[in-house]
Protein chains: 2
Amino acid sequence: MTAISPTSQKRVAVLKALAHPTRLLLTERLMQGELCVGELRDLVGDDVSTVSKHLLILRHAGVVACQKRGLNVYYRLACECFSDFLQCVDQVCPPPAMAGSGAGVCC
Amino acid sequence: MTAISPTSQKRVAVLKALAHPTRLLLTERLMQGELCVGELRDLVGDDVSTVSKHLLILRHAGVVACQKRGLNVYYRLACECFSDFLQCVDQVCPPPAMAGSGAGVCC
DNA sequence: AAAGCGCTTGGCTATTTTGCCAAATAAGCA
DNA sequence: TGCTTATTTGGCAAAATAGCCAAGCGCTTT
């Protein structure tokens, strides 16, 4: 019955935000640079409203940030360390494609 | 409508496994060393069957591994790089408690 | 072999999440 | 001002997840 610490709560929020195929795809794509909602919708193929809600969740978790310019809202990563983060995820247990490539130091 | 890559699928599996307060707590605790299911149940306070199912999810994602010894099943982290992983999570956007401590390089 | 202990699995309900449509809002343009 | 475009919000039904109880299974001990 150990209580959950504020730090762990924040971790869960970030992890939850990224633990969805569409939201991870959006975030991975934003590593290449900012995009507006319409462009992101084309990328994932969902309804715009759905994409907008996914982006809200990512924003809420502090993963992405946005800026309105004219009619468009441009989204970008809230921090550049995201590629390091993905490398860490892959190292927890390397994905099949990378197994044996030496990329994962454990498992 | 971009398809999800096998690598991203694996990432989602890992992230999903950890994106639950109880499962994150279990995993954080296993950083200190292996424990059996009964001990982990005492830690989180849920029903044993619930804990067992959480552990199955973590095992399936490759986060933890287990070994049966006598009557008990002992769980441990599948790889030692997990503390690095947590640091990465915290850096995506530092938790309130660590904000301003210099621990997070971005946001 | 029978009973006890630790864990897992099956099954069920409650809760949460997802994703669509429709409507509302905001900003540029005729 | 009114129209069009880009995005967000509300609301709902479908799907996924969580957590409890009960039953099953494998070891160990007697």
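The following exchange walks through a predicted model of two chains, A and B.

Visitor: By what rotation is chain A superposed on chain B?
Guide: The superposition of chain A on chain B leaves an RMSD of 0.1 Å, and the shift along the rotation axis is 0.0 Å. The two copies are thus related as by a two-fold rotation axis. The rotation itself is 180°.

Visitor: Which residue of chain A has the C-alpha nearest the axis?
Guide: The axis in question is the one about which a rotation of 180° brings chain A onto chain B. In chain A, the nearest C-alpha lies 2.9 Å from that axis, and the residue that carries it is Leu15(A).

Visitor: What percentage of the interface residues of chain A are also interface residues in chain B?
Guide: The copies meet through the same surface, because the interface residues of chain A are also interface residues in chain B, at a share of 100%.

Visitor: Which residue has a side chain joined to that of Arg11(A) by a polar contact of 2.8 Å?
Guide: Arg11(A) belongs to helix 1 of chain A, which spans residues 6-18, and with a relative accessible area of 13% it falls under the 20% limit and counts as buried. Leaving aside residues up to four places away in sequence, Arg11(A) touches Leu24(B), Glu28(B), Leu86(B), Val89(B) and Asp90(B). Of these, the residue whose side chain makes the polar contact of 2.8 Å with that of Arg11(A) is Glu28(B).

Visitor: Is the aromatic pair of Phe82(A) and Phe85(A) stacked or edge-to-face?
Guide: Both residues lie in helix 5 of chain A, residues 82-92, at 3 residues apart, or about one turn of the helix, and both are buried. Their ring centres are 5.6 Å apart, and the angle between the planes is 25°. Because planes under 30 degrees apart fall into that class, the pair is stacked.

Visitor: How are the rings of Phe85(A) and Phe85(B) classed, as stacked or tilted?
Guide: This pair crosses between chains, running from helix 5 of chain A to helix 5 of chain B. Phe85(A) is buried with a relative accessible area of 0%, and Phe85(B) is likewise buried at 0%. The ring centres are 6.0 Å apart and the planes stand at 35°, so the pair is tilted.

Visitor: Over the ring of which residue does the charged end of Arg69(B) sit?
Guide: In chain A, Arg69(A) lies over the face of Tyr74(A), at 4.3 Å from the ring centre. In chain B, the charged end of Arg69(B) is 4.3 Å from the centre of the ring over which it sits, that of Tyr74(B).

How values were computed: Residues are numbered from 1 along each chain as its sequence is written. Chains are lettered from A and ligands numbered from 1 in the order in which they are written. This is a predicted model: local features need pLDDT of at least 70, side-chain atom pairs count only at pLDDT 80 or more; totals for chains, interfaces and linings use all residues. Side-chain values use heavy atoms; hydrogens and water are left out. Copies are superposed by least squares on the C-alpha atoms of residues with pLDDT of at least 70 in both. Contact means heavy atoms within 4.5 Å. Helices (H or I, at least four residues) and strands (E, at least two) are DSSP runs, numbered from the N terminus. Buried means under 20% relative accessible area, exposed over 50%, partly exposed in between (1.4 Å probe, protein chains only). A polar contact is a pair of N or O atoms within 3.5 Å; within protein, one must be able to donate a hydrogen and the other to accept it, and residues adjacent in sequence count only if both atoms are side-chain atoms. Rings of Phe, Tyr and Trp (its six-membered ring) pair if their centres lie within 6.5 Å; planes under 30 degrees apart count as stacked, over 60 as edge-to-face and the rest as tilted. A charge sits over a ring if NZ of Lys or CZ of Arg is within 6 Å of the ring centre and within 35 degrees of the ring normal.
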